[in-house]
Amino acid sequence: METLSKGNQTMQQTKQAKILILDFGSQYTELITKRIRKLKVYSEVHSFDIDYAEIEEDLKSGIIEGIVLSGGPNSIYDAEALMCDQRILQSGLPILGICYGMQLIAKEFGGVVEASTEREYGKSSLQTKDSNLFNNIEANEFTVWMSHGDHVTKVPEGFEAIASTNNAPIAAMANPEKKIYALQFHPEVNHTENGGDIINNFIINIAKASTNWNMTSFIDQEINKIRARVADKKVLLALSGGVDSSTLALLLEKAIGKQLYCMYIDHGMMRKGETDEVKAFFGSHNVNMIYIDAKDRFLGKLAGVDDPEAKRKIIGKEFIETFRDECAKLGDIKFLAQGTLYSDLIESSGVRIDPKTGKKIAAVIKSHHNVGGLPEDMPFKLIEPINTLFKDEVRELALELGLPDKIRLRHPFPGPGLGIRVLGAVTEEKLRMVREADFIMREELSKAGLYDSVWQILTVLLPVKSVGVMGDKRSYAHPIVLRAVSSTDAMTADWSRLPYDYLATISTRIINEVDGVNRVVYDITSKPPGTIEWE
């Protein structure tokens, strides 16, 4: 335990006990993390090839209480098969291998893995045997979600088969003495019945993980970390008024008080009325808030730019450049705080595996303005206290900190704002159209009592025009895309089945009230294969 001092305060900083998740490129790794955290156990994802030296102390000291090996698209016998450091597997800690993780365990401990004659993908019926991994599950046959080509045909010495399907005689195996368990199916996905019970049995009953991770402990730990790192230096927060940055503002204010400076940069791409709401809320609180009108600056930089990645990076870079200019007026600012979330980091730099070569690749889905757009010569040290949290966890944190529901439950809004909801080059006229349409959609959603039933809504202006008839005259104007999705963490999302009457109402209002729009369409694409935002 490390003791640190700040003024008359004494802080004790203790490492958080955790479950270590090694990511082998599975699309479901983040779901494993969420499932474990719901048990009040802290879990942390690292790449499969993490340097042993980085975790050696935690492994030996007991900070890491169990290990989960994720699935992945590779074959264990590929020339470029993904392997973790063997010392991790020999650590003596409880281990749960999922899909590829099971095959890795089988190979490393002397079992046999072979290619299946038929790939097993989707729902399968699992038959189980007695095992503490299946404790408190009444049925010995239930549906699970499979996604694999190889399967284990012979368990290693000391292991036993504890479940099977028609295509996989060894669909789960265990070595109770070593506390090593492995599943060919995915318990973390909702398609698997009793998946939560299986994970609970491993994490709580087998690994006996510490159930002390909650928002109160998170606040205490992060305050200690912030004070230890910042000391008496000033911190500048990029405040947008959304739940992420607003929550972070309250956390930082609690940690360092007047050392915090919240800078709200109005880039001209906010939703209707939000700038006034932000100024009113934080202006009435004990927070140093600085308002910067930078509309002309941002729109000037974006003029003529239609590539979505270029727009994101320009906006991200311009935020930093604006901070640079404004910081000269504030004095010596050492730290820049951002409300980056775990899902932002994963989408910008998560583990991606090339299915053809099996190699880890940097396949960015999209750059987040507060992740991928930062210049290399940024003059601040970056501080991101909530970057281990998902969106729903941030809402829990916000509740604990006393953030009003009006902001806490506000739908997510991207840092680049409406700039990435105007497809193609951004102009003030196009921003006006998408802003007015967005306001109508949000207003009618609240009137219909549907606001809390969806994760996020948005409107998108397409860079095309279509023919219509308005007032007995031919029109040639833009279409607006309506999008509403249901989700819990933004990692996956399904399109929301909104009532037709609601859709009809906003379609009529948008066409009648928003000049330049003559057609409204509804996006029914889920994530994956799409993303929530269009750019």
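## Overall picture

What does the accessible surface of the chain come to, and what share of that surface belongs to carbon and sulfur atoms? The surface is about 23000 Å², and 48% of it belongs to carbon and sulfur atoms. These values come from a predicted model.

The chain has 535 residues, and 56% of them count as buried. Its secondary structure comes to 15 helices and 23 strands. Contacts often span long stretches of sequence. Take those between residues at least 6 apart: 75% of them join residues at least 24 apart.

## Two nonpolar cores

The largest nonpolar core holds 44 residues. Within this core, F323 and I510 touch the most other members. Helix α14, residues 428-447, supplies the largest share of the core, with 7 residues. In soluble globular proteins, nonpolar side chains tend to be buried together.

F323 has contacts beyond its neighbours within four places in sequence. The partners are L236, A238, M263, I265, L336 and F380. There is also a second core, separate from the largest one, with 39 residues. Among its members are Y42, M270, I383 and A398.

## Strands β3 and β4

Strand β4 covers residues 43-47. Because 4 of its 5 residues are buried, β4 is largely enclosed by the rest of the structure. Its partner is strand β3, residues 18-23. The two strands run parallel and are joined by 5 bridges. One bridge pairs L22 with H46 in β4.

How does the chain get from β3 to β4? It crosses through helix α1, residues 29-37. The resulting β-α-β crossover is right-handed.

## Strand β19

Is strand β19, residues 456-461, mostly covered or mostly open? It is mostly covered, with 6 of its 6 residues buried. Q456, L458 and V460 point one way from the strand. I457, T459 and L461 point the other way. Residues on both sides are buried.

β19 pairs with strand β21, residues 473-486. The pairing is antiparallel and runs over 6 bridges. Q456 has V485 of β21 as its bridge partner.

## Backbone exceptions

Most residues other than glycine have a negative phi, and most peptide bonds are trans. Several sites here depart from that pattern. Two are asparagines, N136 and N194.

N136 has a positive phi, near 65°. This residue is found in the loop between β7 (112-128) and β8 (141-154). N136 is exposed, because its relative accessible area of 72% is over the 50% cut-off. N194 has a positive phi of about 65° and is likewise not a glycine. Its place is the loop between β11 (180-183) and α5 (195-206). N194 is partly exposed, because its relative accessible area of 26% lies between the 20% and 50% cut-offs.

Where are the cis peptide bonds described here? One joins K527 and P528, with omega about -10°. Another runs from P528 to P529, with omega near 15°. P528 is found in the segment after β23 (517-522), and P529 has its place in the segment after β23 too.

Technical notes: Residues numbered from 1 in each chain as written. Predicted model: local features only at pLDDT ≥ 70, side-chain atom pairs only at ≥ 80, totals over all residues. Heavy atoms only, no water. Buried < 20%, exposed > 50% of the residue type's maximum accessible area, 1.4 Å probe, protein only. Pairing = 2+ DSSP bridges. Contact = heavy atoms within 4.5 Å. Areas by Shrake-Rupley, 256 points an atom, 1.4 Å probe, with all protein chains shown as cover. Core = buried A, V, L, I, M, F, W, Y, C linked by side-chain atoms within 4.5 Å. Right-handed = clockwise from strand over helix to strand, strands pointing away.
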